Amino acid sequence: MAIMTRTLGRTGADVTILSYGAMELRGQPRGPEIADSEAGRLLNAVLDGGINLIDTSPDYGRSEELIGSYIGHRRDEFFLASKCGCPMDAPADMPPPYPHDYSPANVRANVERSLRRLGTDRLDLVQVHMSPSKATLDENRTVETLKDLQAEGKVRFIGMSGILPNLPDHLAMGVFDVFQIPYSAVQRDHEDLITEAAGEGAGTFIRGGAARGAAAEDKNWRTGPLTQAPGVGQRNWESSGIADLLSEAGMSNMEFVLRFTLSHPGLSTTIVGTANPAHLASNIAVAQQGPLPADLYEEAKKRLPLPEAG
């Protein structure tokens, strides 16, 4: 069974509704330990499983190099997205998120190095990382620099990895082809903004669509959605009565969480990352089932409230 595809907004690209996020390939100390050969097998399994979009970043350790080394020869099989604004040398004495630099010199350096690491002559999408303000973008001429790189053929489309409070300003600028936005059943803060982005013709990458695994038995809410205060997602889940609904439907928490995200009509694709081949296979199997049945989706939305800030 194939994974459903959707058109990535005005880019015209047909992308699978499940895409692969390569952050988990960054290696230690920020990510799980993974041998190069294991990463190579995983990346080939991504493509063999039918996924045709990979999202990476200069911030993700060795992920770009691993992609270039192990599936560079399959470059025409996938839409390749990376990011810009990232420090060229990550500070050794502090954890992420690192201070970002959206200047023309750094944006260009990010893109040029990504091209070398990935072993390709073009990036399908470069996203501005970490949701800077419009004022920061204007001051640094970030969009103009990306448009120059587009004109040079090094970048096909430009995007924004955006969150509140700056995302509405990014949408109003009317210059981004794709928005990467956090969203899941337990993090619905950006739900209407995804609809707005899609309505204006942009493609949408949804990150956190599996809620970082929070509802899974092996995570048991030890981690939660990014940008959300600890405990908020779990309280919303436990107070909603969603467990009873899923029991009646005979559906696991993780199948529900991923398929809930896939049910958003404004979604182009959701990015899910893992270094575990079994988790990858499970994600693919769930994605092959597509969105939730309409009645279950609507009932779940009634039960899962939009979370309160903080």
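Here are a few notes on this predicted model, covering a helix pair, the cysteines and one buried threonine.

1. Start with helices α2 (residues 63–71) and α3 (residues 104–118). Their axes come within 7 Å and cross at roughly 40°. That angle makes α2 oblique to α3.

2. As for who meets whom, the α2 side brings Glu 64, Glu 65, Ile 67 and Gly 68, while α3 brings Ser 114, Arg 117 and Leu 118. Sorted by class, this α2–α3 contact has three charged, two polar and two nonpolar residues.

3. If you're hunting for disulfides, a search of the whole structure turns up zero. Take Cys 84: the closest cysteine sulfur belongs to Cys 86 and sits 7.0 Å away, so the two are too far apart for a bond; the cut-off for a disulfide is 2.5 Å between the sulfurs. Cys 86 is likewise in no disulfide, with the sulfur of Cys 84 as its nearest cysteine sulfur.

4. Are these two cysteines buried or exposed? Cys 84 is buried, at a relative accessible area of 0%, and Cys 86 is buried with a value of 0% too.

5. Now have a look at Thr 56, in the loop between β4 (53–55) and α2. Thr 56 counts as buried because its relative accessibility is 0%. Leaving out residues up to four places away in sequence, Thr 56 touches Ala 22, a run of Leu 80, Ala 81, Ser 82 and Lys 83, and also Ser 63, Glu 64 and Ile 67.

6. One of those partners, Ser 82, is 26 residues from Thr 56 in sequence, yet their C-alpha atoms are 4.8 Å apart in space.

Key:
Residues numbered from 1 in each chain as written. Predicted model: local features only at pLDDT ≥ 70, side-chain atom pairs only at ≥ 80, totals over all residues. Heavy atoms only, no water. Axes fitted to C-alpha atoms, helices over the stretch in contact; angles between N-to-C directions. Helix = DSSP H or I, 4+ residues; strand = E, 2+ residues; numbered from the N terminus. Parallel < 35°, antiparallel > 145°, perpendicular 65-115°, else oblique. Contact = heavy atoms within 4.5 Å. Nonpolar A, V, L, I, M, F, W, Y, C, P; charged D, E, K, R; others polar. Buried < 20%, exposed > 50% of the residue type's maximum accessible area, 1.4 Å probe, protein only.
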